[in-house]
Amino acid sequence: MIALRAFLIVILFILTACATQNASVQPNSEYVEIPNPALTMTPGASSTILVPRNYVEEGVPRGSELVKRGYQSVVGGQSGELRQEPAPAVQPAPAVQK
């Protein structure tokens with residue numbers, strides 16, 4: 001019984017080790033390698049990191065830019081103006097008879 005448990009543990013360990021993904025990222029044209037800005041905070045950190053190319057070319061999007069993008073995706077317009085639609089006409093409620 002003990003041998004069976006040990007065998008199952010070894011099999012589960014092997015299956016788990018085989019199921020993990022490769023953590024290395026292959027650089028491609030969408031990413032650029034830059035010096036790590038947080039290198040001094042963590043002694044074991046790598047000296048360079050990979051970031052998306054558009055972050056280097058255009059800068060990292062900030063809060064106000066993300067809000068504008070979200071608003072434009074919901075509203076569907078490129079202008080910063082609010083579109084107001086006329087309110088629907090309110091119908092008077094019918095009188096309740098006793």
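Start at glycine 76. This glycine comes right after helix H3, and its phi is positive, near 90°. Helix H3 itself covers residues 63-75. That is 13 residues, reaching 18 Å from the first C-alpha to the last. The expected figure at 1.5 Å a residue is also 18 Å, so the helix is close to it.

A word of caution before I go on. This is a predicted model. Mean pLDDT for the chain is 76. Residues at 70 or more make up 77%. Among the elements, strand E1, residues 31-35, has the highest confidence, with a mean of 87. Helix H2, residues 53-58, has the lowest, at 78.

Now the layout. We have three helices and two strands. Along the sequence they read α-β-β-α-α.

How much of the chain is buried? Of its 98 residues, 4% count as buried. The chain exposes about 9500 Å². Carbon and sulfur atoms supply 61% of that area. Next, contacts. Take those between residues at least 6 apart in sequence. Of these, 7% join residues at least 24 apart.

On to helix H1, residues 2-19. Its 18 residues should span 26 Å at 1.5 Å a residue. The end C-alpha atoms are 26 Å apart, so the two figures agree. And how many of the residues of H1 are buried? The number is zero, so H1 lies largely in the open.

There is a nonpolar surface patch to look at here. Its members are Met1, Leu4, Phe7, Leu8, Ile11, Leu12 and Leu15. Together they make about 740 Å². Look at the spacing of those numbers. An α-helix has 3.6 residues a turn, so residues three or four places apart point the same way.

Take one member of that patch, isoleucine 11. This residue sits in H1. Is isoleucine 11 buried or partly exposed? Its relative accessibility is 32%, and buried means under 20%, so isoleucine 11 counts as partly exposed.

Last stop, alanine 45. You will find alanine 45 in the loop between E1 and strand E2, residues 48-52. What does alanine 45 touch, leaving out residues up to four places away in sequence? The contacts are Asn36 and Leu39. Alanine 45 has 28% relative accessibility, above the 20% cut-off for buried, so alanine 45 counts as partly exposed too.

Methods. Residues are numbered from 1 along each chain as its sequence is written. This is a predicted model: local features need pLDDT of at least 70, side-chain atom pairs count only at pLDDT 80 or more; totals for chains, interfaces and linings use all residues. Side-chain values use heavy atoms; hydrogens and water are left out. pLDDT is the predictor's confidence in each residue, from 0 to 100. Helices (H or I, at least four residues) and strands (E, at least two) are DSSP runs, numbered from the N terminus. Buried means under 20% relative accessible area, exposed over 50%, partly exposed in between (1.4 Å probe, protein chains only). Contact means heavy atoms within 4.5 Å. Accessible areas come from the Shrake-Rupley method with a 1.4 Å probe; for residues, only the protein chains shown count as cover. Patches are made of residues with over 30% relative accessible area and no salt bridge: like charges are joined within 9 Å, nonpolar side chains (Val, Leu, Ile, Met, Phe, Trp, Tyr) within 5 Å. A salt bridge is a side-chain nitrogen of Lys or Arg within 4 Å of a carboxyl oxygen of Asp or Glu.
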